[in-house]
Amino acid sequence: MSERIPKAVEAKLHGTSCKYALIVFLDGRDAFIDFSCPTHAAFLVELRDWKRNTWPSLRRSDCRLFIKEPGAIKELHINE
């Protein structure tokens, strides 16, 4: 089982109104919202494009990915 949600990720999402978001947690200290979407369908489209265009440059970095959805924050694991 993975570690709990880092405080930097929770703090970045505190007070945001986005329903769905992809959060990148870099180097164990910096978190940022890469993109957010109002609907699940739009989020899946953006995530597919993100994995194709952005993930290759982050793949070797020390980063963890999190998905914010209504009522939950979950860690995302991308299979190679």
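**Figure 1. R48, partly exposed at a relative accessibility of 48%, and the salt bridges around D49.** The model shown is predicted. R48 falls in the intermediate class because its 48% lies between the limits of 20% and 50%. The side chain of R48 forms a salt bridge with that of D49, with a distance of 3.7 Å from N to O. D49 is likewise partly exposed, with a relative accessibility of 23%. A salt bridge also joins D49 to the side chain of R52, here with 3.0 Å from N to O. R52 and D49 are three residues apart in helix α2, so about one helical turn separates them. R52 counts as exposed because its relative accessibility of 51% is over the 50% limit. Through these pairings R48, D49 and R52 are linked in a network of salt bridges. The count of salt bridges comes to five.

**Figure 2. The salt bridge between K74 and E69.** The side-chain nitrogen of K74 and the carboxyl oxygen of E69 are 2.8 Å apart. K74 is partly exposed, at 46% relative accessibility. K74 is also one of the residues in contact with L65, which is shown in Figure 4. E69 belongs to the span 63–69 of strand β3.

**Figure 3. R64, a buried arginine in strand β3.** R64 has its place in strand β3. Its relative accessibility is 19%, and R64 therefore counts as buried, the limit being under 20%. The side chain of R64 makes a polar contact with the side chain of E75, at a distance of 3.0 Å. E75 also appears among the contacts of L65.

**Figure 4. L65 and the largest nonpolar core.** This core has 15 residues, and L65 is among those with the most contacts inside it, together with L22, F43 and W50. Five elements give two or more residues to the core: strands β1 (20–26), β2 (30–37) and β3 (63–69), and helices α2 (40–53) and α3 (55–58). When neighbours within four places in sequence are left aside, L65 is in contact with L22, I23 and V24, with W50 and W55, and with K74, E75, L76 and I78. A second core, separate from this one, has nine residues, including V9, L13, C18 and A31.

**Figure 5. L47, a buried residue of helix α2.** L47 lies in helix α2. With a relative accessible area of 9%, L47 is buried, because this value is under 20%. Residues up to four places away in sequence are not counted here; beyond them, L47 touches L22, F35 and L76. L22 and L76 are also in contact with L65. The view includes A21 as well: L47 and A21 are 26 residues apart in sequence, while the distance in space from C-alpha to C-alpha is 9.4 Å.

**Figure 6. D27 and its positive phi.** D27 lies in the loop that connects β1 and β2. Most residues other than glycine have a negative phi. D27 is not a glycine, yet its phi is positive, at about 55°. D27 counts as partly exposed, with a relative accessibility of 45%.

**Figure 7. The chain as a whole, for orientation among the close-up views.** The chain contains three helices and four strands. Their order along the sequence follows the pattern α-β-β-α-α-β-β. The C-alpha trace spans about 30 × 30 × 20 Å along its principal axes. For 80 residues, a compact globule would have a radius of gyration near 12 Å, and the 12 Å of the chain agrees with this. Of the 80 residues, 34% count as buried. Among contacts between residues at least 6 apart in sequence, 45% join residues that are at least 24 apart. The chain exposes about 5400 Å², of which carbon and sulfur atoms supply 50%.

Key: Residues numbered from 1 in each chain as written. Predicted model: local features only at pLDDT ≥ 70, side-chain atom pairs only at ≥ 80, totals over all residues. Heavy atoms only, no water. Core = buried A, V, L, I, M, F, W, Y, C linked by side-chain atoms within 4.5 Å. Buried < 20%, exposed > 50% of the residue type's maximum accessible area, 1.4 Å probe, protein only. Contact = heavy atoms within 4.5 Å. Salt bridge = Lys/Arg side-chain N within 4 Å of Asp/Glu carboxyl O. Rg over C-alpha atoms; globule rule 2.2 N^0.38 Å. Areas by Shrake-Rupley, 256 points an atom, 1.4 Å probe, with all protein chains shown as cover. Polar contact = N/O pair within 3.5 Å; in protein donor to acceptor, adjacent residues only side chain to side chain.
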